Every structure is written in C-alpha cells, then in structure tokens.
Amino acid sequence: MDIKTKYNIKDKVFFVKNGAILNGEIDQIVILLKTINIVRLENGDEFDRKTGTSISCCIKNEWYDENVIYPSKEELINNLKYGE
C-alpha cells in the first residue's frame with residue numbers, strides 16, 4: 001500500500017487559527033490507517049472491511065489535518081472564498 005502526503009517535514013504552509021491566517025513549518029507528520037473488519041450481525045447481515053487514512057501535520061506544536069493547510073497564502077484565501 002502506498003500512502004502519499006501533500007506535504008513533507010520542513011515545508012512552509014499557511015493555515016487558519018482562531019480566525020487569523022498564520023504560517024509555519026511542518027515539524028511532524030502522523031499517518032493513521034483505520035481498518036474495520038467484516039462485522040456479522042445476528043440477523044446474518046455482513047459489512048465489508050473498510051479502510052481509511054488520516055494524515056495530520058504538526059505546526060508550532062498544534063496538529064492540523066493536511067486538508068486544512070495550504071502551500072501558499074493565495075491558495076488558502078481562494079479556498080476560503082470559493083470552497084475549492
């Protein structure tokens with residue numbers, strides 16, 4: 001399984017905290033892989049195995065999902081304007 005991240009350690013990024021646009025450098029990256037195995041209910045129904053990946057980045061001792069940080073201030077502002 002390949003897991004790709006949008007950013008690397010030491011990348012400079014922009015994010016919003018308490019309504020203010022801030023920037024910082026990524027200090028750490030954590031990747032969590034969540035797995036749910038087949039679950040069989042008493043009535044015989046089954047749910048398939050599912051996996052999901054969560055990637056978080058530590059910036060200035062705070063953790064942020066990689067989907068809420070941006071490589072430039074302009075991209076962050078555009079996302080706030082247009083929800084891209």
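# Group meeting: a walk through strands, core and salt bridges

Okay, let's start with the pairing of β2 and β5: those two strands run antiparallel and are joined over 10 bridges. Before I go on, keep in mind that what you see is a predicted model. To give you one pair to find on screen, look for I36, which sits opposite K50 in β5.

While we're on β5, let's stop at S54. That residue belongs to this strand, which covers residues 50-59. Is S54 buried or exposed? S54 has a relative accessibility of 17%, and the cut-off for buried is under 20%, so S54 counts as buried. And what does S54 touch, once we leave out its neighbours within four places in sequence? The contacts are V30, I31, L32, K34 and D65.

Here's a bit of background for anyone new to strands. In a regular strand, side chains alternate between the two faces of the sheet. Keep that in your head as you look along the strands.

Now, β5 has another partner. Strand β6, residues 62-65, is joined to β5 by 4 bridges, and the two run antiparallel. One pair to look for here is I59 with its bridge partner E62 in β6. The two strands form a hairpin with 2 residues between them, and in that hairpin K60 takes a positive phi near 55°.

Let's move to the other hairpin, β1 and β2. These strands are antiparallel too, joined by 6 bridges. In this pairing V13 stands opposite G24 in β2. Again there are 2 residues between the strands, and N18 in the turn has a positive phi of about 50°.

Stay with N18 for a second. You'll find N18 in the loop between β1 and β2, with β2 covering 20-36. Buried or exposed, what would you guess for N18? N18 is at 78% relative accessibility, and exposed means over 50%, so N18 counts as exposed. Then try this one: how far apart in space are N18 and Q28? They are 10 residues apart in sequence, and from C-alpha to C-alpha the distance is 21 Å.

Right, let's go inside. Which residues make up the largest nonpolar core? There are 8 of them: Y7, V13, F15, I26, C57, I59, Y64 and I69. Both β1, which is 12-17, and β5 supply at least two residues each to this core. You've already met V13 opposite G24. If we don't count residues up to four places away in sequence, V13 touches Y7, L22, N23, G24, I26, I59, I69 and Y70. Several names there should ring a bell, since Y7, I26, I59 and I69 are listed in the core as well.

From the inside to the surface. V16, I21, I77 and L80 make a nonpolar surface patch of about 300 Å². One of these, I77, comes from helix α1, residues 73-82. I77 has 31% relative accessibility, so it counts as partly exposed.

Last topic: salt bridges. How many does the structure hold? There are 3.

Take E25 and K10 to begin with. Their closest N and O atoms are 3.5 Å apart. This pair links distant parts of the chain, with E25 in strand β2 and K10 in the segment before β1, 15 residues apart. K10 is at 54% relative accessibility, so K10 counts as exposed, while E25 is partly exposed at 25%.

E25 also forms a salt bridge with K12, and there the closest N and O atoms are 2.9 Å apart. Here too the pair links distant parts of the chain: K12 is in strand β1 and E25 in strand β2, 13 residues apart. K12, at 59% relative accessibility, counts as exposed.

Then we have E62 and K17, whose side chains meet in a salt bridge at 3.6 Å, N to O. E62 lies in strand β6 and K17 in strand β1, so this pair ties together parts that are 45 residues apart in sequence. Both residues are partly exposed: E62 has a relative accessibility of 34%, and K17 has 31%. As for the others, K10, K12 and E25 are joined into one network by salt bridges that share partners.

That's my tour. When you rotate the model, try finding E25 with K10 and K12. Thanks, everyone!

How values were computed. Residues numbered from 1 in each chain as written. Predicted model: local features only at pLDDT ≥ 70, side-chain atom pairs only at ≥ 80, totals over all residues. Heavy atoms only, no water. Buried < 20%, exposed > 50% of the residue type's maximum accessible area, 1.4 Å probe, protein only. Contact = heavy atoms within 4.5 Å. Patch = residues over 30% accessible without salt bridge, like charges linked within 9 Å, V, L, I, M, F, W, Y side chains within 5 Å. Areas by Shrake-Rupley, 256 points an atom, 1.4 Å probe, with all protein chains shown as cover. Salt bridge = Lys/Arg side-chain N within 4 Å of Asp/Glu carboxyl O. Core = buried A, V, L, I, M, F, W, Y, C linked by side-chain atoms within 4.5 Å. Pairing = 2+ DSSP bridges.
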